[in-house]
2 protein chains.
Amino acid sequence: MSTTMQPSSGLEDVIAGSSGICYIDGDKGILAYRGIDIHDLADNTTFEEVTYLLWFGKLPTRAELQEFNLWLVRERKLDAQIISLIRQAPKHALPMDVLRSIVSSLSLFDPEERANDAGANLRKSIRLTSQLAMIVANYDRIRKGKPLIEPDRSLSHAGNFLLMLNGELPSETATRAFDIALILHADHEWNASTFAARVTAATLSDMHSAITSAIGALKGPLHGGANEAVFGILEDIDRNGADPVEYIKGMLAQKAKVPGFGHRVYTTEDPRATHLRQMSRDLGYSSGQTKWFDYSRRIEEFINAEKKLNANVDFYSASTYHTLGIDVDLFTPIFAVSRVAGWTAHVMEQLADNRLIRPRAEYIGPVYPNKYTPIEQRGELVA
Amino acid sequence: MSTTMQPSSGLEDVIAGSSGICYIDGDKGILAYRGIDIHDLADNTTFEEVTYLLWFGKLPTRAELQEFNLWLVRERKLDAQIISLIRQAPKHALPMDVLRSIVSSLSLFDPEERANDAGANLRKSIRLTSQLAMIVANYDRIRKGKPLIEPDRSLSHAGNFLLMLNGELPSETATRAFDIALILHADHEWNASTFAARVTAATLSDMHSAITSAIGALKGPLHGGANEAVFGILEDIDRNGADPVEYIKGMLAQKAKVPGFGHRVYTTEDPRATHLRQMSRDLGYSSGQTKWFDYSRRIEEFINAEKKLNANVDFYSASTYHTLGIDVDLFTPIFAVSRVAGWTAHVMEQLADNRLIRPRAEYIGPVYPNKYTPIEQRGELVA
């Protein structure tokens with residue numbers, strides 16, 4: 001075997017394969033699903049249409065969308081065993097750990113557990129998309145000691161989630177805001193969690209294994225976990241009555257990384273941030289509480305000027321989700337509720353033309369052969 | 001952003017980073033942990049010594065090994081909640097799905113759930129190494145309706161596993177054979193499951209997320225799942241009284257891939273296969289049942305001659321594990337019982353000098369901008 005390429009730290013700029021799902025031009029700030037600009041999708045479509053687009057490569061006709069929606073709402077139910085498992089999670093558990101464990105356990109009760117063909121994987125994708133939203137909503141109510149809310153099959157995916165989470169019919173504004181957030185987070189090419197899903201799926205494992213890997217990767221603060229970190233800062237500023245800019249100056253003085261800024265792929269503004277900034281502003285004004293947006297805006301202007309870094313998708317999702325009444329430790333689980341549409345699309349694409357994803361490593365350890373020393377001769381000097 | 005490299009299918013021969021844990025020369029058939037040849041390790045050491053070597057970069061002195069062993073046996077216990085979760089797995093569930101779900105759930109009860117520093121991750125690695133073996137053994141007894149066996153802290157890791165699995169003190173031969181199998185499977189550079197673990201860990205997620213991803217990836221028949229597929233063939237040959245070579249000829253005639261042969265990295269014999277072939281032969285003769293070895297040997301000779309492919313680690317582990325009295329659907333879980341030593345070593349190495357693993361994809365979808373069409377205009381022709 002000859003390794004023909006030089007090591008690249010974190011596979012930055014390495015093309016790891018081909019994909020027809022997501023187009024990104026990081027220099028121009030362009031994001032598109034199946035070639036359709038994210039701004040057009042956020043302005044005009046629903047999460048259901050976008051999920052269809054990601055999976056089938058085109059936007060649905062009205063009849064197709066109607067049928068697709070039927071598939072999704074038919075799976076708007078959770079096994080009693082799954083709800084029982086959610087109830088067994090200790091109170092102190094981290095929501096992403098619970099979500100990862102419960103999604104992994106879904107496979108134990110899936111009617112097509114042993115199937116890994118295209119049809120079964122489409123049906124698993126439909127189930128997972130419906131189930132993830134319900135798991136997050138049920139989990140939050142269970143940990144708060146609140147009664148569970150039955151799913152409403154007449155509502156949209158976004159509307160039903162907010163209903164099951166909050167126990168009341170959401171306003172049209174809130175539903176549309178959440179729907180747009182779901183659209184914006186639904187896919188992002190070969191980001192770390194999607195890549196983890198593809199690496200897992202490429203051994204011909206199964207859909208639940210792949211999505212479980214993705215949830216584990218999304219949890220990290222260098223990925224989905226960043227939106228929780230952003231709100232932690234906003235909360236800390238608010239609690240201490242601090243000036244946002246002074247607070248961030250303090251962080252930078254301590255060489256801390258300010259979450260929500262910069263992106264591996266974008267050299268200009270993340271197009272999702274543009275939308276989320278607007279949503280954060282609109283929701284702030286309509287709810288009469290603009291402070292979270294105001295803190296965010298001042299931090300953004302300062303970091304733009306000082307560090308030449310742009311806000312990414314995580315920065316304004318923090319204040320947006322908070323204004324929608326969502327607890328900070330659900331921000332990353334909610335990211336998963338959206339991204340499962342993209343993860344499953346990528347797993348299906350991977351399996352349609354599969355090859356094991358198995359790179360090599362540059363060996364930097366003790367030179368071979370490193371002589372074996374029997375245990376009685378392994379003295380301090382050998383160590 | 002400029003992508004500087006050409007796409008490589010499955011990252012074959014792409015150097016995805018640096019690592020000092022495992023050295024492989026695929027052309028010479030060399031495998032070494034920390035530079036020490038796998039043959040020396042298999043002939044002279046124990047799984048505990050090898051785990052120490054993988055984690056700390058050197059073989060332990062007698063005092064260090066004694067202390068290390070204490071750490072491991074202190075964690076030779078499972079929470080009652082974990083055992084209860086194993087009991088809740090449906091009878092029809094796939095063992096790797098159960099293992100993945102239970103290992104994910106370990107995080108919910110881990111005393112350092114929220115810590116991701118080097119000390120906590122070493123302690124989590126110790127716990128996971130002890131726990132995985134007990135989970136697999138307990139699970140097998142629970143699904144068979146047998147009483148659980150208490151761990152014995154006076155035994156080696158291999159001996160205790162066989163005791164907890166089979167309910168009787170294993171022979172010295174069986175213990176040593178299993179110990180060698182654990183050593184041979186403990187690490188293999190950036191194989192798919194280890195890579196999945198590193199991709200997950202590199203978002204700064206956590207150890208349990210990383211190991212959960214790895215188990216999901218290992219499940220696939222293009223990776224750890226292959227040893228189960230090999231035994232399925234041996235069993236089918238035996239059940240039908242078929243001639244092994246004729247059976248394989250039949251598979252090849254149907255363009256089926258024969259599992260257990262060929263390897264992404266080795267162009268010559270996999271050095272682990274050399275050991276496992278010997279173990280399969282020895283165990284066969286000492287147990288008085290050589291048929292599984294004989295079938296295997298005839299298949300190997302035929303595939304060597306016909307396809308110029310060599311047996312890999314999975315081929316002889318099948319007959320070896322079977323002769324040790326292990327059920328075929330535990331072969332891959334047992335692979336995980338060993339590989340967790342390597343997975344955790346790689347996660348700790350990744351975090352010691354971390355960078356997000358986030359490649360790019362070559363975009364092959366509809367050209368941007370793919371014009372957005374309102375739903376009422378999406379007719380059949382647009383589709």
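Start with the second largest pocket of this predicted model, which has a volume of about 560 Å³. Select A:L356, B:L222, B:H223, B:K257 and B:G262: of the 25 residues that line this pocket, these are the closest to its centre. Next, colour α15 (313-323) and α16 (331-352) of chain B, each of which supplies at least two residues of the lining. By residue class, the lining of the second largest pocket divides into ten nonpolar, eight polar and seven charged.

Move now to the largest pocket, with a volume of about 770 Å³. Its lining has 33 residues, and those closest to the centre are A:L222, A:K257, A:F261, A:G262 and A:H263. To follow the wall, show four helices of chain A: α11 (226-239), α14 (291-307), α15 (313-323) and α16 (331-352) each give the lining of the largest pocket at least two residues. Coloured by class, this lining shows 15 nonpolar, eight polar and ten charged residues.

Keep α16(A) on screen and add helix α9 of chain A, residues 192-201. The axes of α9(A) and α16(A) lie 9 Å apart, and the two helices pack at an angle of about 35°. The crossing of α9(A) with α16(A) is right-handed. For the contact itself, select A:S193, A:T194, A:A197, A:R198 and A:A201 on the α9(A) side. They meet A:R339, A:W343, A:H346, A:V347, A:E349, A:Q350 and A:L351 in α16(A). Taken together, the residues of this contact divide into five nonpolar, four polar and three charged.

Technical notes: Residues are numbered from 1 along each chain as its sequence is written. Chains are lettered from A and ligands numbered from 1 in the order in which they are written. This is a predicted model: local features need pLDDT of at least 70, side-chain atom pairs count only at pLDDT 80 or more; totals for chains, interfaces and linings use all residues. Side-chain values use heavy atoms; hydrogens and water are left out. On a 1 Å grid over the protein atoms alone, a cavity is a set of points where a 1.4 Å probe fits but cannot get out, and a pocket is an open set with protein on both sides within 12 Å along at least five of seven lines; lining residues have an atom within 4 Å of a point. Grid points are joined across faces, edges and corners, and a volume is the space filled by probe spheres set on the points. Ala, Val, Leu, Ile, Met, Phe, Trp, Tyr, Cys and Pro count as nonpolar, Asp, Glu, Lys and Arg as charged, and the others, Gly among them, as polar. Axes are lines fitted to C-alpha atoms, for helices over the stretch in contact, and angles run from 0 to 180 degrees between N-to-C directions. A crossing is left-handed if the near helix is turned anticlockwise from the far one by less than a right angle, and right-handed if clockwise. Contact means heavy atoms within 4.5 Å.
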